[in-house]
Structures are given as C-alpha cells and as structure tokens.
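Colleague: Could you take a close look at one part of this model for me, namely the charged side chains and what they sit next to? Take your time and go step by step.

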Amino acid sequence: LRATAPSAGIYQPAVDNGAVPAVDEEEEPPPPTAPAVSGSVFGNAGGLLGLGGGASGAAATAVGFVKGLVQSLGQALVTILGMKTGPAALDENPWRGGDTGAAALLRRRLYRVTFTWRTGLRETSLIDFYRSLASYSEAGVGFHDALARIEKTELSSAMQRVIREIRTDLLDGATLGEAFGRHEYLFDPLHVALIEVGESLGTVSDNMKLLVEIIVEKQAIRDQIAKKMVQPIALIVIANYVMTIPIFMTKGLLGYLAAIAPPTFFFLFVAFSWVILFPVLGSAMGPRLRDRILLELPAFGTIARTNSLARFARALGAAVGAG
C-alpha cells in the first residue's frame with residue numbers, strides 16, 4: 001500500500017504487508033443480454049394475423065373487437081325483432097309478475113341477455129350508481145333522498161326509470177329486498193342484500209364501496225378469462241373456416257357450406273346452451289341442486305368454490321364491519 005497523505009501534520013507511514021499495488025484493470029464489458037422474446041399469442045405469426053407483438057396487447061385487441069362485434073350484432077338483432085328499447089324496455093320486465101314457471105324463467109333469461117343491448121346499461125352504470133350512493137351517504141343524506149337526487153342527475157333515461165320504480169315500490173310499502181329484487185336483471189342478489197343491510201345499519205357508504213370493488217374485480221377476472229380464450233378460439237376458427245377454403249376452390253360454395261355446417265351448428269348449440277339453456281335449467285332446479293352440481297364439476301367446480309369462498313369472505317367482512 002502506498003503511504004497515505006499526511007493528515008493534521010502527522011506523517012503516517014505506509015504499511016508494508018506484501019500486497020501488490022493495485023493496477024487499474026480494464027472494466028469488463030457487461031454480459032450480452034438475451035434478445036427479447038416475443039410474447040405474441042401466436043408467436044411470429046401474430047403480426048400476420050394482425051394481433052400485434054405482445055400477448056396482452058394482442059389479446060386485449062381481440063377481446064375488444066369481439067365485444068364491439070357482439071354489441072353491434074345484438075343491437076341489430078333487437079332492432080330486427082322489433083323489441084322495445086330505452087326506458088320502454090322496462091315495460092316487459094318479467095320480474096314484475098309472480099309467475100315462476102318454465103316460460104317465465106325463459107323470458108327472464110332472454111330479458112337479462114338482451115337488456116344491455118336494449119337500454120345501453122352496463123356494469124359501469126352500476127358503478128356510477130353505487131359511487132353516487134356512497135357520496136350522498138357520506139354527506140349525511142338519507143337513502144330515499146339520495147335515490148331521488150340520483151334520479152334527477154342521472155343521464156341515462158333507462159336508469160332514471162329503474163330508480164323511479166324502486167322509489168315507487170318503497171313508498172308503496174315494499175322492502176328494499178323486494179324493490180331491488182324486481183330488477184334482478186341489473187342487481188345481483190348479493191348487491192340487494194348489501195344495500196338492505198347498509199340502509200338498516202347506516203353503513204351504506206362502506207357497502208357501496210365494497211360493491212364497486214366486487215364489480216371491478218369481477219370485470220378483471222372476466223377479462224383475464226377472455227384473453228386466455230383468444231388463442232384456442234382463434235385456432236378453432238382457423239381450423240374450421242380457413243383451412244377449409246381449398247374445398248371452396250375445388251367443390252364450390254355448396255361444398256364449402258356443407259363442410260362448415262356441422263361445426264357451425266355445434267358452436268351455435270354450445271353458445272345457446274351456455275347462455276340460455278343451462279341458466280334456465282339451473283333456475284328451475286333451485287339454488288341447492290344447481291350449486292351442488294356446479295361445485296362438483298371438474299375444473300369449473302374448483303373455480304366456483306374459490307369464487308364463492310372469496311365472495312362469502314367479503315360479504316361476511318362487510319357484515320361484521322357494519323356491526
């Protein structure tokens with residue numbers, strides 16, 4: 001070691017321990033970084049399919065396109081069938097009657113499926129409604145007065161009519177559960193229960209914030225599932241409708257239609273069963289038998305159990321926190 005510089009006029013000799021003086025060495029170059037691996041859903045073919053280079057971006061683009069397409073087709077179907085739209089759609093509310101037969105259950109399911117296309121009300125409308133209730137509750141406004149104020153400031157005429165009908169039912173002596181339950185196409189049973197508890201215990205603000213979190217979390221889970229389904233659905237479409245184009249070139253249009261007819265009818269039947277048939281059968285079975293079958297399904301049962309446990313824990317936490 002070299003002698004250190006004198007400090008405060010005191011000479012400090014170097015310590016000779018046999019060490020070799022340090023030599024300035026060239027700085028080693030950083031290790032080469034691995035090339036970025038494309039996360040495209042379809043690998044290098046993602047650009048050819050127009051799905052972008054990133055997996056999340058490509059899936060989000062595909063999901064957004066499908067959502068817009070379904071919305072446009074649904075609105076066109078409603079128009080073609082001559083269904084009432086806007087606030088007039090509530091004239092056909094099947095929850096107003098007391099009928100619970102098979103025909104009524106089918107009407108309820110069809111009404112729930114087409115309600116968004118007919119009125120334009122989505123989960124974002126519920127989020128705005130619950131946030132407004134929470135704000136009025138924190139300001140000390142009562143539940144009924146808050147509903148009246150929200151009805152005046154609501155931009156959607158369909159949502160205004162929903163709130164007006166709820167207030168009318170409450171003034172006629174209906175409970176909160178009954179008033180909101182007559183609009184089950186928009187309010188889930190869990191939402192109705194938390195609203196009723198919040199009004200009776202004075203915890204409307206906390207319960208409304210909890211409902212907003214539940215809706216946002218549900219949207220995130222649904223979007224994640226939809227993104228995961230982009231690749232298998234795209235591969236199915238390519239296998240059944242793109243790879244069969246040579247049949248069209250060799251056997252003409254009739255041959256191509258004959259080739260794609262079986263998978264098309266199968267997909268339509270699966271969609272009808274998933275959206276209409278199974279929910280109607282589940283409602284007819286009752287919650288006990290329906291939930292038992294759902295929880296025992298392979299793969300889907302595990303998801304249902306986990307989701308039910310999470311919702312139960314949230315609702316229980318809200319109830320305990322509300323006293």
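Modeller: Let's fix one cut-off before we start: a residue counts as buried under 20% relative accessible area, as exposed over 50%, and as partly exposed in between. Keep in mind that this is a predicted model.

The structure holds 15 salt bridges. Let's begin with a pair of sequence neighbours, arginine 290 and aspartate 291, whose closest N and O atoms are 3.4 Å apart. Arginine 290 has a relative accessible area of 34%, so it falls in the partly exposed class. Aspartate 291 is partly exposed too, because its relative accessible area is 34%. Elsewhere, shared partners tie Lys84, Asp91, Arg96, Arg161, Glu165, Asp169 and Arg182 into one salt-bridge network.

Now for two links in that network. Lysine 84 meets aspartate 91 side chain to side chain, with 3.7 Å from N to O. Lysine 84 is partly exposed at 37% relative accessibility, and aspartate 91 is partly exposed at 45%. The other link is aspartate 169 with arginine 182, where the closest N and O atoms lie 3.3 Å apart. This pair bridges distant parts of the chain, 13 residues apart: aspartate 169 sits in helix α5, while arginine 182 is in the loop between α6 and α7. Which of the two partners is buried? Aspartate 169 is, because its relative accessible area is 8%, whereas arginine 182 is partly exposed at 28%.

Helices α5 and α6 take us to the nonpolar side of things. The largest nonpolar core has 38 residues, and those touching the most other members are Phe129, Tyr130, Phe180, Leu186 and Phe187. At least two core residues come from each of α2 (102-119), α3, α4, α5, α6, α7 and α8. Helix α8 supplies the largest share, seven residues.

Helix α3 is worth a stop here. Its buried residues are Ser125, Leu126, Ile127, Phe129, Tyr130, Leu133 and Ala134, and they pack against α4 (143-153), α5 (157-171), α6 (176-181), α7 (189-201) and α8 (204-228). Phenylalanine 129 shows this well: beyond its neighbours within four places in sequence, it contacts Leu147, Ile150, Met159, Ile163, Phe180 and Phe187. The geometry of α3 checks out too, because 16 residues (123-138) at 1.5 Å a residue should span 22 Å and the end C-alpha atoms are 23 Å apart. Just past α3, glycine 140 takes a positive phi of about 90°.

Back to where we started. Around the pair of arginine 290 and aspartate 291 in sequence, you'll find Leu289 and Ile293, which are among the residues making a nonpolar surface patch of about 1200 Å². The elements giving two or more residues to that patch are α10 (245-285), α11 (287-296) and α12 (300-321). Helix α10 gives the most, with six. One residue of α10 is phenylalanine 272, which is partly exposed because its relative accessible area is 45%.

For the wider setting, the protein has twelve helices and zero strands. Of its 323 residues, 28% count as buried. The accessible surface comes to about 21000 Å², with 64% of that belonging to carbon and sulfur atoms.

Key
Residues are numbered from 1 along each chain as its sequence is written. This is a predicted model: local features need pLDDT of at least 70, side-chain atom pairs count only at pLDDT 80 or more; totals for chains, interfaces and linings use all residues. Side-chain values use heavy atoms; hydrogens and water are left out. Patches are made of residues with over 30% relative accessible area and no salt bridge: like charges are joined within 9 Å, nonpolar side chains (Val, Leu, Ile, Met, Phe, Trp, Tyr) within 5 Å. Accessible areas come from the Shrake-Rupley method with a 1.4 Å probe; for residues, only the protein chains shown count as cover. A salt bridge is a side-chain nitrogen of Lys or Arg within 4 Å of a carboxyl oxygen of Asp or Glu. Helices (H or I, at least four residues) and strands (E, at least two) are DSSP runs, numbered from the N terminus. Buried means under 20% relative accessible area, exposed over 50%, partly exposed in between (1.4 Å probe, protein chains only). The expected span of a helix is 1.5 Å times one less than its number of residues. Contact means heavy atoms within 4.5 Å. A nonpolar core is a set of buried Ala, Val, Leu, Ile, Met, Phe, Trp, Tyr and Cys residues joined through side-chain atoms within 4.5 Å.
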